[in-house]
Amino acid sequence: MTPRVSIQTQDFDLAREIAALRADDKRVGAVCSFIGTVRDRNDGLSVSSMELEHYPGMTEKSIEAMIDAAMARFDVFGVRVVHRVGLLQPLDQVVMVAVTSAHRGTSFQACEFLMDYLKTQAPFWKKEQTPEGARWVDARVSDDAALAKWGIQASNA
């Protein structure tokens, strides 16, 4: 059985991940997925690379709790989160969230909920390389506001 959470340095294949998530589950009527990629600009500066760090074990446990919260809140059948760490370049895939359910609305909501939760609460540390040097990147106020619409308060920015 495929784990719900994978933290890895290697890239991932969306089609393979979704096929494994669906795995002959005839109840599935909807699959929603989100892929986050590395941009070449952030806050007005060009970005040549991004490095993501995490605490092995703690990160997976934290994301598992987020998935548990999504499954308690939404009528979904399966969830898969893949998050990359290490040195990444613009255009590289960083994160994938995929959700299966009977209906599209539920899948869309659960996927958005998980991304909002991950963006602000997952224990990752992101450092970007810019023309002005390296800088650590924090969650934005807008990320906290996105999570707040689900009734979860955060103060990261």
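A residue is called buried here when its relative accessible area is under 20%. The model described in this report is predicted, and the residues below are taken in turn from the interior to the surface.

**Met-96 in strand β8**

Met-96 belongs to strand β8, which covers residues 93–101. With a relative accessible area of 0%, Met-96 falls under the 20% limit and is therefore buried. Once its neighbours within four places in sequence are set aside, Met-96 is in contact with Phe-12, Leu-14, Glu-17, Phe-34, Ile-35, Arg-80, Val-81 and Val-82. The C-alpha atom of Met-96 is separated by 12 Å from that of Ile-63, a residue that stands 33 residues apart from Met-96 along the chain.

**Gln-8 in strand β1**

Which residues does Gln-8 contact beyond its neighbours within four places in sequence? They are Val-82, His-83, Arg-84 and Val-85, and Val-82 also appears among the contacts of Met-96. Gln-8 itself lies in strand β1, made up of residues 5–8, and it counts as buried because its relative accessibility is 12%. The side chain of Gln-8 also reaches two backbone oxygens, that of Gln-10 at 3.1 Å and that of Asp-11 at 3.5 Å.

**The cysteines Cys-32 and Cys-111**

Why is Cys-32 not bonded to the closest cysteine sulfur? A disulfide is a covalent bond between the sulfur atoms of two cysteines. The closest cysteine sulfur to that of Cys-32 belongs to Cys-111 and is 4.0 Å away, which is too far for a bond, since a disulfide requires the two sulfur atoms to be within 2.5 Å. Cys-111 is likewise in no disulfide, its nearest cysteine sulfur being that of Cys-32, and the structure as a whole holds 0 disulfides. Both cysteines count as buried, Cys-32 with a relative accessible area of 9% and Cys-111 with one of 4%.

The relative accessible areas of the four buried residues discussed so far are set out below.

| Residue | Relative accessible area |
|---|---|
| Gln-8 | 12% |
| Cys-32 | 9% |
| Met-96 | 0% |
| Cys-111 | 4% |

**A nonpolar patch on the surface**

At the surface, Tyr-55, Met-58, Trp-125 and Trp-136 form a nonpolar patch, and together these residues have about 470 Å² of accessible area. One of them, Tyr-55, is placed in the loop that runs between strand β5, residues 49–54, and helix α2, residues 58–73.

Terms used: Residues numbered from 1 in each chain as written. Predicted model: local features only at pLDDT ≥ 70, side-chain atom pairs only at ≥ 80, totals over all residues. Heavy atoms only, no water. Patch = residues over 30% accessible without salt bridge, like charges linked within 9 Å, V, L, I, M, F, W, Y side chains within 5 Å. Areas by Shrake-Rupley, 256 points an atom, 1.4 Å probe, with all protein chains shown as cover. Salt bridge = Lys/Arg side-chain N within 4 Å of Asp/Glu carboxyl O. Helix = DSSP H or I, 4+ residues; strand = E, 2+ residues; numbered from the N terminus. Buried < 20%, exposed > 50% of the residue type's maximum accessible area, 1.4 Å probe, protein only. Polar contact = N/O pair within 3.5 Å; in protein donor to acceptor, adjacent residues only side chain to side chain. Contact = heavy atoms within 4.5 Å.
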